[in-house]
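Trainee: Could you walk me through this fold before I get back to the bench?
Mentor: Gladly, let us have it on the screen.
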Amino acid sequence: MRVIYPELAQTIAALTAGEDDTVALMATIACEVHHSDDRFDWTGFYRVVAPELLKIGPYQGGHGCLVIPFSRGVCGAAARTGMVQLVPDVDAFSGHIACASSTRSELVLPVFDARGAVIAVFDIDSNEPDAFDQTDADAFSAILQDVFAK
């Protein structure tokens, strides 16, 4: 099954309408995204909880890393730079943190609040190499902006 982005965006918008609790929003998005595409092996958020520090938030899939400093890994790079990290081969990413040995490729998107501050990163892992492309990155960036930057 392959995600149909307009349908996913519409479903998430309907489910999150009127909700302002960040954890509830993250839990809903992680669940909907995880079950929308067979490529998605681990889907979840890492929240900014202190300067330069991420902690695991709502997710779907196996166990994730509990704490990730901004200085390490793909999630840290997304939080540190505020830029989407599209990684076709995690083994080729310098400093990759192997939270799960099955992960082959990764898409990590910074999550911004209405003021433009990074409040989290949204991490999607796949056990397939080169599973993500710019279409995925653009669609998820738009969904996250619609939900969190309002």
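Mentor: A word on terms to begin with: helices and strands here are DSSP runs, numbered from the N terminus, with at least four residues for a helix and at least two for a strand. Bear in mind, too, that this is a predicted model.
Trainee: OK, so what pattern does the protein follow along the sequence?
Mentor: Reading along the sequence, you meet α-α-β-β-β-α-β-β-β-α, and the protein thus has 4 helices and 6 strands.
Trainee: And how compact is it for 150 residues?
Mentor: Its radius of gyration is 14 Å, close to the 15 Å from the globule rule, so the protein is as compact as a globular protein of that length.
Trainee: In what order do the strands sit in the sheet?
Mentor: They form an open, antiparallel sheet in the order β3-β2-β1-β6-β5-β4. Because β3 (67–69) and β4 (85–87) each have a single partner strand, one side of each is left without a neighbour in the sheet.
Trainee: How many bridges join β1 to β6?
Mentor: There are 6 bridges between β1 (residues 42–50) and β6 (residues 118–126), and within this part of the sheet Tyr 46 stands opposite Val 121 in β6.
Trainee: Which strands do helices α2 and α4 touch?
Mentor: Helix α2 (residues 22–34) packs on the sheet against β1, β2 (53–60) and β6, its direction making about 160 degrees with that of β1. Helix α4 (residues 134–148), in turn, lies across β1, β4, β5 (105–112) and β6, and runs at about 25 degrees to β5.
Trainee: New topic: what share of the residues is buried?
Mentor: Of the 150 residues, 43% count as buried, while the protein exposes about 7,300 Å², 52% of which is supplied by carbon and sulfur atoms.

Definitions and conventions
Residues are numbered from 1 along each chain as its sequence is written. This is a predicted model: local features need pLDDT of at least 70, side-chain atom pairs count only at pLDDT 80 or more; totals for chains, interfaces and linings use all residues. Side-chain values use heavy atoms; hydrogens and water are left out. Two strands pair if DSSP finds at least two bridges between them. Contact means heavy atoms within 4.5 Å. Axes are lines fitted to C-alpha atoms, for helices over the stretch in contact, and angles run from 0 to 180 degrees between N-to-C directions. The radius of gyration is taken over C-alpha atoms; the globule rule is 2.2 Å times the number of residues to the power 0.38. Buried means under 20% relative accessible area, exposed over 50%, partly exposed in between (1.4 Å probe, protein chains only). Accessible areas come from the Shrake-Rupley method with a 1.4 Å probe; for residues, only the protein chains shown count as cover.
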